[in-house]
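User: I'm new to this structure and would like a close look at one part of it. Could you start with the helix at the annotated binding site and then work outwards from there?

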Amino acid sequence: MAHYDLAIIGSGSGNSLITEYWDTQKVAIIDAGIFGGTCLNVGCIPTKMFVYPGQLAASVTQAKALGVELKFEGADWAGIRDRIFGRIDAISEAGKNYRAHELENVTLYTEHVSFVSEHELRTASGESITADKIVIATGSRAVLPEVPGISLPGVHTSDTIMRLAELPKRLVILGGGYIASEFAAVFAALGSEVVQVNRSGALMRQLDADISAAFTTAAAARWRVELDADLRRISEHDGGLQLEFEQDGAPLTLEADVVLVATGRTPNTDALGVAQLGFDLREDGSLVVDDYQRVLADGEPVPGIFGLGDAANTEQLKHVANREARVLIHNLQHPDAMRPMDRRFVPAAVFTNPQIAYVGATEAQARAQHGDAVCSVIQDYGSTAYGWAMEDEEGIVKLLAHRETGLLLGAHLMGHEAALLIQPLIQAMSMNLEVNTMARGPFWIHPALSEVVENALLSLQIPARDSDPL
Ligand SMILES: Cc1cc2nc3c(=O)[nH]c(=O)nc-3n(C[C@H](O)[C@H](O)[C@H](O)COP(=O)(O)OP(=O)(O)OC[C@H]3O[C@@H](n4cnc5c(N)ncnc54)[C@H](O)[C@@H]3O)c2cc1C
Ligand SMILES: NC(=O)c1ccc[n+]([C@@H]2O[C@H](COP(=O)([O-])OP(=O)(O)OC[C@H]3O[C@@H](n4cnc5c(N)ncnc54)[C@H](O)[C@@H]3O)[C@@H](O)[C@H]2O)c1
């Protein structure tokens, strides 16, 4: 039996916990999958490396509207894929070698483990690992609907779709969320015939209703979107795949060469043995942790057991996992002076086309909490000089603020570089900066696209105070 000061299950965000502080202590890092976890290998990073070439390809359509004749002559799928994974696979491999061979105090296990008791883990091959402190950073995995044909070759998840041998001619994407919407934009831009099929009546349905509606319209102008369609079965047909749906009581049949299933992800806690130990789990299977990232059982911290990332939050976002890791690095080193995780204003961006970014409350949430005190405004990108330059007809900045406090309650953007434009709004919310101070205090560069954010803030018409900048 090997004993460690610290054992970390999961080499994604968990890997960053091994700081110099641990140099004099024994650490085990355990990962049964690809070293480096989801974001590096099959998540944020490779997807966005596909998104960028996709944006270049899609810009041809926009250029035409501005009088520039560009021609899209196809995408070198294999070249794009190999450039991306040539870089990523090398980083994963180097990280693995570093942990496995270059640090005397660190031992890498490449097997699945589960809990035997609170401080003992067992590997799939039967080895026992005990540790004073254990961090559960096991991430999440794709969930597939249970329909006939879901395991047929040609049916992929985000784990495998990026490594396809060739660009699919006909691609059906199941789901209306982040992953489905990002891949739909990429494959449609690179030249696949994409059909995105969603079970409900709008894409990105969990977002503010105006953004969800605007994105559903914008997406349908770029690739085929089918809504309110329930998948019944997938079968092999004519050398490809046939998907049968029920849509508003009528059958809908689609043909595809490749199917991408993007119908949500579930935390990897079920095969970990944590339920038997009485660790608290949310309805979605994620571990309940307190503000200090300590795992709870019956509402009380389990001594020496911590959780972070997709296994222990409901956001399933890398910047959240990274922040949790930072908090945990501190708390593992300073058990008598722990610092809490701040979850007040978690932003997110969806790198689809058009891009989406948001932070804070939706209008429905804001009104439920603050009633008539909510001011709401939608500012079009097209109302600014840079928007004219782009001939933009769909970009919007929606802001929600509290009339009396003058503070932002939520920001929801859809359009060019939404993920960049939203950042000052995230800053303002995190720093309790009032709308008028934010709009009138700093200069806003003219005629940058950020003027749409400035104008949205001014349009909120929060009553001015004498102390506000002019
Ligand atoms: C396609 C896609 C695109 C994404 N894009 C973005 C984005 O643009 N921005 C963003 O913020 N987020 C994005 N995400 C989400 C982001 O990738 C995750 O929130 C983040 O990677 C979670 O990190 P983690 O450390 O919790 O888990 P992971 O990085 O998944 O690490 C968990 C590791 O634990 C291992 N493991 C699990 N169980 C066991 C066990 N019992 N024994 C041994 N090892 C085990 C797994 O093999 C895995 O390597 C995306 C996700 C996907 C799938
Ligand atoms: N840019 C980013 O930050 C980014 C990108 C990709 C993924 N992620 C993270 O990964 C998570 C998972 O992404 P996702 O797109 O798989 O999940 P999601 O929750 O965003 O979307 C899931 C979609 O699948 C649909 N669905 C669920 N069950 C279904 C079923 N049985 N049949 C048909 N449709 C069904 C839902 O209605 C929804 O539209 C996201 O929630 C996000 O946190 C983030």
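Analyst: Let's start with Y178, which sits in helix 5, the stretch covering residues 178-190. Keep in mind that this is a predicted model. Is Y178 buried or exposed? With 23 other C-beta atoms within 10 Å, Y178 is buried, because the cut-off for that label is 20 or more. A180 belongs to helix 5 as well, and A180 is buried too, with 25 other C-beta atoms within 10 Å.

Who are the neighbours of A180? Setting aside residues within four places in sequence, A180 is in contact with I173, L174, G175, Q196 and A262. Look at it from the other end: I173 touches A180, and also F183, A184, V194, Q196, V197, L260 and A262, again not counting residues up to four places away in sequence.

Now for the annotation. An unreviewed UniProt entry lists G175, G176, G177, Y178, I179, A180, S181, E182 and G264 under "binding site". Those positions are spread over 90 residues of sequence, yet they cluster in space, with a largest C-alpha distance of 13.5 Å. So both residues we began with, Y178 and A180, are on the list from that entry, and G175, one of the contacts of A180, is listed there too.

Next, the nonpolar interior. The largest nonpolar core has 82 residues, and the members that touch the most others are I173, L174, F183, V259, L260, I356 and L413. Which element gives the largest share of this core? That's helix 5, with 11 residues. There is also a second, separate core of 41 residues, which includes Y109, V135, I136 and A325.

L413 from that list of well-connected core members takes us to strand 23, which covers residues 408-414. How many of its residues are buried? The count is 7 of the 7, so strand 23 is largely enclosed by the rest of the structure. Strand 23 has partners to look at, too. Strand 22 (residues 396-402) is joined to strand 23 by 6 bridges, and the two run antiparallel. Strand 20 pairs with strand 23 over 5 bridges, also in the antiparallel sense. H412 is a handy landmark here: K398 stands opposite H412, and Y358 stands opposite H412 as well. Strand 22 and strand 23 form a hairpin with 5 residues between the strands, and in that hairpin G406 takes a positive phi near 75 degrees.

Just before strand 20 there's a backbone detail to catch. P354 is in the loop between strand 19 (348-350) and strand 20 (356-360), and the peptide bond joining N353 and P354 is cis, with omega about 0 degrees. Another cis bond runs from H446 to P447, with omega near -5 degrees. P447 lies in the loop between helix 12 (435-440) and helix 13 (451-459). Why point these out? Most residues other than glycine have a negative phi, and most peptide bonds are trans.

On the phi side, N432 has a positive phi of about 55 degrees although it is not a glycine. You'll find N432 in the loop between helix 11 (423-430) and helix 12. N432 counts as exposed, because it has 11 C-beta neighbours inside 10 Å. D228 also has a positive phi of about 55 degrees, and it isn't a glycine either. D228 is partly exposed, with 16 other C-beta atoms within 10 Å.

D228 is in the loop between strand 11 (224-226) and strand 12, which leads us to one last piece. In what order do the strands of this open sheet run? The order is 12-13-14, with antiparallel pairing throughout its 3 strands. Strand 12 (229-237) and strand 14 (250-256) are the edge strands, each pairing on one side only. On average, neighbouring strands in this sheet are turned by 20 degrees against each other, direction ignored. Between strand 12 and strand 13 (residues 240-247) there are 8 bridges, and I234 stands opposite L243 in strand 13.

Terms used: Residues are numbered from 1 along each chain as its sequence is written. Chains are lettered from A and ligands numbered from 1 in the order in which they are written. This is a predicted model: local features need pLDDT of at least 70, side-chain atom pairs count only at pLDDT 80 or more; totals for chains, interfaces and linings use all residues. Two strands pair if DSSP finds at least two bridges between them. Helices (H or I, at least four residues) and strands (E, at least two) are DSSP runs, numbered from the N terminus. Axes are lines fitted to C-alpha atoms, for helices over the stretch in contact, and angles run from 0 to 180 degrees between N-to-C directions. A residue is buried if 20 or more other C-beta atoms lie within 10 Å of its own, exposed if 12 or fewer, and partly exposed in between; C-beta atoms are placed from the backbone. UniProt positions are given in the numbering used here, feature names are shortened, and annotations may be inferred rather than shown by experiment. Two residues are in contact if their C-beta atoms, placed from the backbone, lie within 7 Å. A nonpolar core is a set of buried Ala, Val, Leu, Ile, Met, Phe, Trp, Tyr and Cys residues joined through C-beta atoms within 7 Å.
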